[in-house]
Amino acid sequence: MWMKIIKKIGNLPVGQLKVYRITQTLFYLSALLFLVVRVVMNPHQQLNYLFIILVIGFQIFLSNLFLLSLNNILVQDLNLSKYQSVIENCHDIKIVPFYPSKKAIQSDYLLNISVVYFYKGEFQETLKSLGKIESLHHFNKGVRDLYSSAYYQLYFLSKLFRQEEYDIDAIVANMRLLKPRSKKQQAIINQRLSIIQSLHEVVKDRKSSDFLETLVPHNELERLVYSYYQALNAQVLGNEEKVQEHFLLLSKLNDDFYYVREAKEYLEEKKYVWK
């Protein structure tokens, strides 16, 4: 049921998604202000405090619905252009208690838009956007290490695909210093680190990676990304049949993605006969 709701919200036009976000924000602020006034006027009425907790809880619920819907646009629908439009139109509509500073809001936006630039293959823009993040400490505490690992991964991949120099030892060392709050976040960070190390070996050292073959996708975006990585690994192994298998899968997807365009270009160069 929840996935249907998330999908339905995600299918709304960008303008309506912005209205949803603004309405949600105004409801929260006005309801909270009303309840605070009631508490000041009658501080001994316990029911007021219960209502405040309920309003905050409902706001968190609505906010999570929006964020899950936004995430679904990218990871399941692979609609990169819509995802970018929502990011650009809604990034500054935040709830102050959840984003304690303008720098946190700006850092969050810069990381999200960097993701868009990267998947579009605009690696220079990705690096520029990442460079505008003044400090990784500006990310919210609850997701700081997780977002920092995404920062390092985007930086590494952009440098790698632009064929620019980077310090792999420094990237690995910085990621190993991250100490997230949960085992789930730690697992995500560990996987990102393993992907970085594996792609460095495959692309720079031309050594095959067993780890890349163990990656199992949990959504359509991961299926796209992992297929590309496994195709690169197959190239190093000299397994042309597997390379074509992965790139043929990619070629049927949204060519807003750099990986898809690379797959199509490869198949065209090999004069693949389309069926």
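## Briefing: aromatic pairs, fold and a pocket

Tyr-228 and Phe-247 are both buried. Bear in mind that this is a predicted model. What follows starts from the overall fold, then goes through the aromatic rings and ends with a pocket. On the fold side, there are 13 helices and zero strands to deal with.

**Overall fold**

- Follow the sequence along and you just get helix after helix, in the pattern α-α-α-α-α-α-α-α-α-α-α-α-α.
- The protein has 275 residues, and 44% of them are buried.
- Take the contacts between residues at least 6 apart in sequence: 61% of those join residues at least 24 apart.
- The accessible surface adds up to about 15,300 Å², with carbon and sulfur atoms holding 56% of that.

**Aromatic pairs**

- Searching the whole structure turns up 18 aromatic pairs.
- One of them is Phe-123 with Tyr-258, an edge-to-face pair with 4.9 Å centre to centre and 80 degrees between the planes.
- That pair ties together distant parts of the chain, since Phe-123 sits in helix H6 (residues 123-131) and Tyr-258 in helix H13 (residues 258-269), 135 residues apart.
- Are these two buried or exposed? Both Phe-123 and Tyr-258 are buried.
- Back to the opening two: Tyr-228 and Phe-247 make a tilted pair, at 6.1 Å centre to centre and 35 degrees between the planes.
- This one also links distant parts of the chain, with Tyr-228 in helix H11 (residues 220-237) and Phe-247 in helix H12 (residues 240-251), 19 residues apart.

**The aromatic cluster**

- Which residues form one aromatic cluster? The members are Phe-118, Tyr-119, Phe-123, Phe-161, Tyr-228, Tyr-229, Phe-247, Phe-257, Tyr-258, Tyr-259 and Tyr-266.
- So both pairs described above belong to one aromatic cluster, as Phe-123, Tyr-258, Tyr-228 and Phe-247 are among its members.

**The second largest pocket**

- The volume of the second largest pocket is about 250 Å³.
- Its lining takes in 13 residues, and those nearest the centre are Leu-160, Phe-161, Gln-163, Val-203 and Leu-232.
- Helix H7 (144-161), helix H9 (183-204), H11 and H13 are the elements that each put two or more residues into that lining.
- Sorted by character, the lining of the second largest pocket has seven nonpolar, two polar and four charged residues.
- Phe-161 turns up in two places here: it is in the aromatic cluster, and Phe-161 is also one of the residues nearest the centre of the second largest pocket.

Note on methods: Residues are numbered from 1 along each chain as its sequence is written. This is a predicted model: local features need pLDDT of at least 70, side-chain atom pairs count only at pLDDT 80 or more; totals for chains, interfaces and linings use all residues. Side-chain values use heavy atoms; hydrogens and water are left out. Rings of Phe, Tyr and Trp (its six-membered ring) pair if their centres lie within 6.5 Å; planes under 30 degrees apart count as stacked, over 60 as edge-to-face and the rest as tilted. Helices (H or I, at least four residues) and strands (E, at least two) are DSSP runs, numbered from the N terminus. Buried means under 20% relative accessible area, exposed over 50%, partly exposed in between (1.4 Å probe, protein chains only). Contact means heavy atoms within 4.5 Å. Accessible areas come from the Shrake-Rupley method with a 1.4 Å probe; for residues, only the protein chains shown count as cover. On a 1 Å grid over the protein atoms alone, a cavity is a set of points where a 1.4 Å probe fits but cannot get out, and a pocket is an open set with protein on both sides within 12 Å along at least five of seven lines; lining residues have an atom within 4 Å of a point. Grid points are joined across faces, edges and corners, and a volume is the space filled by probe spheres set on the points. Ala, Val, Leu, Ile, Met, Phe, Trp, Tyr, Cys and Pro count as nonpolar, Asp, Glu, Lys and Arg as charged, and the others, Gly among them, as polar.
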